[in-house]
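Work through the exercises below with the model open. Each task is followed by its solution.

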Amino acid sequence: MPKVEELRKAVRGFLTETSRIVTITSSIPVDSQKNYASMLFRAILRRQHDSLEAVADLVALETGHAAIALLRASCEELIWIKYLRTLDDNTINRLLVVLCNLEISKNLAEQERFSSRQVMLELGFTSKQLEHSSRRLPHLKRDLKKLAEELNWKINSRRTDRPSANSLAQLVGMKPTYDFLYHATSRSVHFTPTELMRRVWGQQDSLSVNSNFFEPYWASFSLYWGLRIYLDTLIEILEILPETERSDMSEEAIVKWSKVIAEFGQVPIITARELMWKV
């Protein structure tokens, strides 16, 4: 089985292999500039490429524990790509326009609630912009509700305005992967005593605290799952892009890096070493 450093090198190799296609797809053709689905998928590919670069950099700095939190967004993006691909382009565009505008209006409202109207003006916004955003917020909510009914979304309108990643994962056949990664990454983004106590190790008479004790585990987990999600995302997006934009990515390259993932093997949530703690 490859070691963590070999996996890191494989990730670097994969990033180098795909950097050209990411660069090409980052330049949006004129005929795609009103195709919001195309722009979104290109943005996801760019963000995941950059995120995986960050994971590799963090592992090189022996701070893999900070990389695991980056996996959550990538997993949810893959789920949304798979879901959006079940819709027609017109519906995707309508949905993205509403979601983006709704998020902007909500962000403005939240920022003003926190900082006050005066501070918003000092930040460069105008009263006209803020009032317009406030007026259109209920209209955007109504538009999204109508779309939700069309798409048969099962949502709790008092808590969210879109289906959960969990429900979409079930729809697109990613429920086991989502459940596993949601649980694993939650340990890094929420208060989790067991995750914190991984930094406490030694003998009964000589315990110390250091993030390096579980560094190989955190590094291998973030590299393995980061590469795997990025590879799956890339495959999905390559199927959508025009032939002229995806010609630089060979099937041989995809098979090569898939083999590295397979040989490394899945990284678990918990290790046998942790069972040494006495209750």
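**Exercise 1.** Place Val-59 in its helix, then decide whether Val-59 is buried or exposed.

Step 1: Val-59 belongs to helix α2, residues 36-60. Helices here are DSSP runs (H or I, at least four residues), numbered from the N terminus.
Step 2: its relative accessibility is 9%, so Val-59 counts as buried (under 20% relative accessible area, 1.4 Å probe, protein chains only).
Step 3: beyond four places in sequence, Val-59 touches Arg-8, Gly-64, Glu-215, Ala-219, Ser-222 and Leu-223 (heavy atoms within 4.5 Å).
Step 4: Ala-219 is 160 residues away along the chain, with 5.5 Å between the two C-alpha atoms.

The model is predicted: local features need pLDDT of at least 70, side-chain atom pairs need 80 or more, and totals for chains, interfaces and linings use all residues. Residues are numbered from 1 along each chain as its sequence is written, and side-chain values use heavy atoms, without hydrogens and water.

**Exercise 2.** Repeat the analysis for Gln-48.

Step 1: Gln-48 also sits in α2.
Step 2: a relative accessible area of 2% makes Gln-48 buried.
Step 3: setting aside neighbours within four places, Gln-48 contacts Ser-74, Glu-77, Leu-78, Ile-229, Tyr-230 and Thr-233.

**Exercise 3.** Describe how α10 and α12 pack.

Step 1: the axes of α10 (residues 215-238) and α12 (residues 251-264) come within 11 Å and cross at roughly 150°.
Step 2: α10 is therefore roughly antiparallel to α12 (angles over 145 degrees).
Step 3: residues making the contact include Tyr-224 and Leu-231 of α10, and Ile-254 and Phe-264 of α12.

Key
Axes fitted to C-alpha atoms, helices over the stretch in contact; angles between N-to-C directions. Helix = DSSP H or I, 4+ residues; strand = E, 2+ residues; numbered from the N terminus. Parallel < 35°, antiparallel > 145°, perpendicular 65-115°, else oblique. Buried < 20%, exposed > 50% of the residue type's maximum accessible area, 1.4 Å probe, protein only.
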